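Hello,

Here is the structure you will be taking over. My notes on it follow below.

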Amino acid sequence: MVLNSGNSEKKGFKSGFISLVGRPNVGKSTLLNRLVGQQISITADKPQTTRNNIRGILTRDDYQAVLLDTPGIHLPRNELHKRIVSYATRSIQETDLVFYITEPLPAANATIHKGDEVIIEQLKPRADHTILLINKIDRSQPEHVLETIARFNQALPFLETVPISALNGKGVDVLNGFFSRYLPEGFPYFDEEQITDTPERVIVGEFIREQIMRNCFQEIPYGTAVMVDSFKEEKEKITIYATVFVERESHKRIVIGKQGAMLKKIGKLSRLKIERLLGTRLYLSLHVKVSKNWFNNPGKLSELGYAKS
Ligand SMILES: Nc1nc2c(ncn2[C@@H]2O[C@H](COP(=O)(O)OP(=O)(O)OP(=O)(O)O)[C@@H](O)[C@H]2O)c(=O)[nH]1
Ligand SMILES: [Mg+2]
């Protein structure tokens with residue numbers, strides 16, 4: 001690994017890995033994007049959006065924080081779920097610091113969500129390395145937030161607890177102080193300009209999948225995977241060919257839409273975002289293919305980038 005020498009000579013420089021874990025849909029990816037200051041991880045108003053560990057890098061004068069967005073922890077119903085949940089649970093053990101993200105309880109006397117109970121159990125050995133973030137406070141009442149802080153800390157004594165809104169940024173600045181306080185001393189792992197080490201190809205595939213998550217409904221987003229087949233950089237243009245895998249013929253018809261309207265929309269919306277990310281013009285060609293039961297096929301899953309961890 002090539003280490004950047006820029007900050008490395010400074011005494012007391014901190015560097016390390018922080019995983020963002022929690023139930024599906026609590027706002028982990030939204031928080032990662034806000035901390036990094038740019039969208040690198042996809043978000044949608046549906047659970048199980050994130051499937052990979054996407055890394056965001058935040059470098060300041062006194063620290064480098066490598067933030068690991070993880071898939072929402074849930075009860076796996078197929079081989080894909082098993083693999084992606086294990087990415088998240090492993091990250092709890094393997095990082096220097098854990099940001100455990102949850103939402104305010106919906107009412108003062110509500111009980112902790114079953115899914116959170118499961119996660120809290122896994123966090124027990126790491127409590128002194130775990131910071132609890134109560135997200136989405138913009139749409140909750142202050143007394144419910146206070147009740148949530150009390151209840152969760154009764155279940156486990158967290159290192160710190162911070163109420164935040166990843167959406168509007170409230171409370172998020174506080175987190176920057178934790179990096180210099182709690183990360184170990186060390187050299188930076190990455191160049192200070194770098195905001196992610198996730199390959200462009202992977203992010204491009206994710207941006208296409210994001211539009212499917214946002215524009216298609218019912219089970220279609222969950223049975224879809226995207227593979228970037230070719231990525232060719234020319235002078236002022238990048239040409240990308242990608243395949244959208246769906247579970248059934250009927251899903252293929254919906255993803256393509258009437259006279260190709262849906263696929264055109266997905267293509268256009270993802271092209272605009274990818275252009276912004278890569279800072280160049282893009283030609284994007286999408287092809288839809290049926291792959292029955294791909295989410296239970298170990299070989300196909302590995303081919304699609306969901307390797308067994
Ligand atoms: N009101 C409000 N909505 C938020 C906030 N943070 C995230 N959201 C919304 O919650 C939804 C889920 O956000 P994501 O960031 O995709 O959630 P996630 O935890 O990464 O979800 P998975 O990848 O499925 O586990 C999106 O519609 C976000 O816009 C917040 O602070 N306030
Ligand atoms: Mg996510």
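The largest nonpolar core (buried Ala, Val, Leu, Ile, Met, Phe, Trp, Tyr and Cys residues joined through C-beta atoms within 7 Å) has 68 residues, and those with the most contacts inside it are Leu-20, Val-21, Leu-67, Tyr-100, Ile-208 and Val-244. The core lies between domain 1 (14-182) and domain 2 (200-303), because both give residues to it; the bounds come from an automatic or database domain assignment.

This is a predicted model, in which local features need pLDDT of at least 70 and side-chain atom pairs count only at pLDDT 80 or more, while totals for chains, interfaces and linings use all residues. Residues are numbered from 1 along each chain as its sequence is written, and chains are lettered from A and ligands numbered from 1 in the order in which they are written.

Leaving out residues up to four places away in sequence, Tyr-100 touches Val-21, Gly-22, Ile-119, Leu-123, Thr-130, Leu-132 and Leu-133 (contact: C-beta atoms, placed from the backbone, within 7 Å).

Thr-161 belongs to strand E6 (residues 160-163); strands are DSSP runs of E, at least two residues, and helices runs of H or I, at least four, numbered from the N terminus. With 17 other C-beta atoms within 10 Å, Thr-161 is partly exposed (buried is 20 or more, exposed 12 or fewer, partly exposed in between). Beyond four places in sequence, Thr-161 contacts Leu-132, Ile-149 and Asn-153.

Around ligand 1 there are 24 residues (C-beta atom, placed from the backbone, within 6 Å), of which Gly-27, Ser-29, Thr-50, Gly-72 and Leu-167 come nearest. Helix H1 (residues 28-36) gives the most to this shell, with three residues.

Regards

Methods:
Contact = placed C-beta atoms within 7 Å.
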